[in-house]
Amino acid sequence: MVDSILCPFCSSTVETVEHIFANCSELIVHWTRIAIWWGVTCPSQLTVDSLFNWADSTSWKIGQRKAFDAVILTTFWCIWNFRNGVIFKADTPKKSLIFDDVVHKSYVWISSRCSKAKISWSSWLHNPINATKMM
Ligand SMILES: [Zn+2]
């Protein structure tokens, strides 16, 4: 049982999948940071569907698209984990760490799942498109 059905971040609307992952004004900055990190523009309308299909708007190779899709899915996971931390943990997690968590977890997960990739951490941080060009 939760105390409220309102979004735990903005408390201004009922929490829905679309709101929590794509529309919440308190979390939208993370999609902007992903866009800047990868050198792409955010979808014109942020929806869960547009986020899942974001890589389709690029001319990247298939491996780069898969890596970007993994970053998007990792972002969903980190937002959901953060949301659960806010609701259920005594110590409120820091929203400012979500992006760092996405960068780190996506690197670890992609490197673990794709042994041929051999992505360097430095390259992943500074130029993920270049880091994934051999995937
Ligand atoms: Zn909200």
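Ser-50 is buried (under 20% relative accessible area, with exposed meaning over 50% and partly exposed in between, for a 1.4 Å probe and protein chains only), since its relative accessible area is 16%. This residue belongs to helix α3, residues 48-52, where helices are DSSP runs of H or I with at least four residues, numbered from the N terminus. From Ser-50, the side chain reaches the backbone oxygen of Gln-45 at 2.8 Å. The model is predicted, so that local features need pLDDT of at least 70 and side-chain atom pairs count only at pLDDT 80 or more, whereas totals for chains, interfaces and linings use all residues. Residues are numbered from 1 along each chain as its sequence is written, and side-chain values use heavy atoms, with hydrogens and water left out.

The zinc ion has as its protein donors (N, O and S atoms within 2.8 Å of the metal, or 3.2 Å for Na, K and Ca) Cys-7 (SG), Cys-10 (SG), His-19 (NE2) and Cys-24 (SG), at 2.1 to 2.3 Å. The arrangement is tetrahedral (four donors with all angles between 85 and 135 degrees), because the 4 donor atoms subtend angles of 102 to 121 degrees around the zinc ion. Along the chain, these donors follow the spacing C-x2-C-x8-H-x4-C. Cys-7 lies in the segment before α1 and His-19 in helix α1, so this pair ties together parts that are 12 residues apart in sequence; both Cys-7 and His-19 are buried.

Val-14 is likewise placed in the segment before α1 (17-23), but it counts as partly exposed, with 39% relative accessibility.

Key
Helix = DSSP H or I, 4+ residues; strand = E, 2+ residues; numbered from the N terminus. Tetrahedral: all angles 85-135°; square planar, octahedral: opposite > 155°, others 65-115°. Polar contact = N/O pair within 3.5 Å; in protein donor to acceptor, adjacent residues only side chain to side chain.
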